[in-house]
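Reader: Could you walk me through this model and tell me how its labels were earned?
Author: Gladly; here it is.

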Amino acid sequence: MTNQIPAPRAAGRAGRSESFYEQVGGHATFQRLVDRFYEGVAADEVLRPMYPEEDLGPAAERLTMFLEQYWGGPTTYSENRGHPRLRMRHAPFKVNPDARDRWLRHMRDALDSLDLAPIHESQLWDYLERAAFSMINTFED
C-alpha cells in the first residue's frame with residue numbers, strides 16, 4: 001500500500017472541500033471496517049501468523065490510522081510512525097497470491113458490512129485491491 005495516490009475529495013458545504021474520510025463517516029466508519037477485517041484475520045491460518053503480537057489490537061490501530069490518513073483524516077499515522085513504507089514493513093512476511101486473496105476476502109467482507117454508497121464502496125475497494133496486489137513479494141507457497 002502506498003500513499004502516493006491522492007484520495008478523492010468532493011465539494012462540501014459552502015464550497016469547502018470534504019475528504020473521502022468525512023464523506024463516509026470518519027473515524028467510526030474506518031474503525032468498523034478494520035474491526036470486522038481483523039475478526040476474519042484472527043481465524044485465518046495463513047494470515048494470523050503474520051501478526052507477531054498476541055493481541056491484534058495494535059495492528060488494528062495501525063491500519064485504522066493508516067487508512068484514515070490516506071483518505072483525508074487525521075495524520076496520526078505519520079506523526080507516530082513516520083512514512084508508511086508499507087512494502088518494507090511487510091518484507092519479512094511471505095506475501096504470496098494466497099495471502100493476498102485471503103487478505104482481500106476478509107477486507108471485502110468488512111467493506112460489505114459498512115453499506116457505503118456505491119461510489120464510495122467502489123473507490124475504497126479499488127484502492128484496497130491495488131494495495132493488496134502491490135504487497136506480493138513471493139510466488140512461492
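Reader: How do you know that residues 1-5 call for caution?
Author: Across residues 1-5, pLDDT (the predictor's confidence in each residue, from 0 to 100) stays under 50. The model still has 16 contacts for them beyond four places in sequence, a contact being heavy atoms within 4.5 Å. This is a predicted model, in which local features need pLDDT of at least 70, side-chain atom pairs count only at pLDDT 80 or more, and totals for chains, interfaces and linings use all residues. Residues are numbered from 1 along each chain as its sequence is written, and side-chain values use heavy atoms, with hydrogens and water left out.

Reader: What is the mean pLDDT of the protein chain?
Author: That mean is 88, and 87% of the residues reach 70 or more. Confidence is lowest in strand β1 (residues 9-11), with a mean of 52, and highest in α2, at 98. Helices (H or I, at least four residues) and strands (E, at least two) are DSSP runs, numbered from the N terminus.

Reader: Why is Arg-32 called partly exposed?
Author: Buried means under 20% relative accessible area, exposed over 50%, and partly exposed in between, with a 1.4 Å probe and protein chains only. Arg-32 has 42% relative accessibility, so the label is partly exposed. Arg-32 belongs to helix α2.

Reader: Which residue has its C-alpha atom 7.5 Å from that of Arg-32?
Author: Leu-114, which is 82 residues apart from Arg-32 along the chain.
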